[in-house]
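Let's take a walk through this protein together, moving from a pair of helices to the sheet and then into the interior. Have your viewer ready.

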Amino acid sequence: MSAGRIGGRLGELLGLHHPIVQGPFGGGLSTVELASAVSEAGGLGSYGAHIMTPGAITEVVAKLRAATDRPFAVNLWVPQEGERFSFDVTELARNAERLRPYADELAVDTGSAAPEHPAFDDQVDALLAAAPPVISFVMGVPPVRVVEEARRRGIVLFGTATTVDEAVALEAAGLDVVVASGSDAGGHRGAFLRPVAESLVGTFSLVPQVMDAVSVPVVAAGGIADARGVAAALALGADAVQVGTGFLATAESGAPAVHKRALHSREARTTVLTRLYSGRPARGIPNRFVREMAAHEEAVPPYPLQSLLMQPVRVAAAAQDRPDLAALWAGQAAPLTRPALSAAEYLAALTGKLPGVGTVRVREG
């Protein structure tokens, strides 16, 4: 990585020392400690807030401000067409019954009470009022009013694209930065113009096409977990890289021990897209639950109902150290992650300043 690329256009926009963005994690995997550590080390730390109430969002922004005076990002999911946030009793019971064998095995209850999910409009209003340095979005283009209010408050907006057309749409909507998220990436897929199956473009195919199509800074995401991947993405013209799975493995992340161990296991060499845990396609390590429930991929309800019904199972599986039932989100570069590194150490490794961890080797002869 040449000295001239340190920070890049994203560095100029936000005052970053390194062109490294920590991917935001939802579902309780984000922590203030991780996001602030990455920001303090010169990257852009991120916090996933898509399941949080407006009050909790206000509180977490205040905690991040107290933990670092460097820029940080808070992430929300844009609702997609067809998603509902209220459910009748019959629908709840029918879909909870499908999960009963696993709930019984873990000794938890699922579907006995109407689950609730905060409304996006309330979440985004709270986030705009809290005014973090950066708000990032996945799953779509935020409403015009949100873009206008963010601009008025001096908030930088990131949008996530899985195709060139999505990147063009995000720039046209007035967002400041496009995250080009390849199909290699772990966790939830953010396709919003075409079905996910038609939007699975690999990171190193997607990035140069997006660079050619938009004028705003572009962040490469997906399948990047060491200094070699960072160097390759920057060589393709990306202004920065976003790393999710690698930071998920660090000491400060909120991932349970069973999840972190899985990232470094032989099983992580294989990942799949599944709707079974949340109702939206997401990439993770296949386990017993994914394989036994494979026939129900299309039958499970859409997000957020499936996610809410699965929450007791996910939480209990993590607490009981059950990799066969836990949600093990991981990108295709998960085997390149390393255990026991702090976020600052891992960021140093990504920038080539920590020898022996994914460094670029030159072949001789």
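A good place to begin is with two helices: the axes of α6 (residues 120-130) and α7 (residues 144-153) approach within 10 Å and cross at roughly 10°. With that angle under the 35 degrees that sets the limit, α6 counts as roughly parallel to α7. On the α6 side, the residues that meet α7 are D121, V124, D125, L128 and A129, and their counterparts in α7 are R145, V146, E149, A150 and R153. Sorted by class, this contact has five nonpolar and five charged residues, with no polar ones. Keep in mind as you look that this is a predicted model.

Now turn to the sheet. Eight strands make up an open sheet with parallel pairing, and their order is β1-β9-β8-β6-β5-β4-β3-β2. The edges belong to β1 (20-22) and β2 (45-48); each has a single partner strand, so one side of each is left without a neighbour in the sheet. On average, neighbouring strands here are turned by 25° against each other, direction ignored. Another helix, α8 (residues 164-172), lies across β5 (156-161) and β6 (177-181) and runs at about 160° to β5.

Let's zoom in on one pair of strands. Five bridges join β3 (residues 72-77) to β4 (residues 134-138) in the parallel sense, and L76 stands opposite F137 in β4. Both L76 and F137 are among the residues with the most contacts inside the largest nonpolar core, which has 94 residues; L157, V210, V241, F247 and F289 also belong to that group. Helix α14 (residues 305-319) supplies the largest share of this core, seven residues. Apart from it lies another core, of 14 residues, including L14, L16, V21 and V134.

What is L76 in contact with, leaving aside its neighbours within four places in sequence? The partners are A49, H50, I57, F120, Q123, V124, L127, S136, F137 and V138. One of them, V124, has already appeared among the α6 residues that meet α7.

Strand β3 also holds V74. Is V74 buried or exposed? Its relative accessibility is 0%, so V74 counts as buried. Again leaving aside neighbours within four places in sequence, V74 is in contact with Y47, A49, V61, L64, L127, P132, V134, I135 and S136. For a sense of how sequence and space compare, try V74 and S253: they are 179 residues apart in sequence, and their C-alpha atoms are 15 Å apart in space.

Note on methods: Residues numbered from 1 in each chain as written. Predicted model: local features only at pLDDT ≥ 70, side-chain atom pairs only at ≥ 80, totals over all residues. Heavy atoms only, no water. Pairing = 2+ DSSP bridges. Helix = DSSP H or I, 4+ residues; strand = E, 2+ residues; numbered from the N terminus. Axes fitted to C-alpha atoms, helices over the stretch in contact; angles between N-to-C directions. Contact = heavy atoms within 4.5 Å. Core = buried A, V, L, I, M, F, W, Y, C linked by side-chain atoms within 4.5 Å. Buried < 20%, exposed > 50% of the residue type's maximum accessible area, 1.4 Å probe, protein only. Parallel < 35°, antiparallel > 145°, perpendicular 65-115°, else oblique. Nonpolar A, V, L, I, M, F, W, Y, C, P; charged D, E, K, R; others polar.
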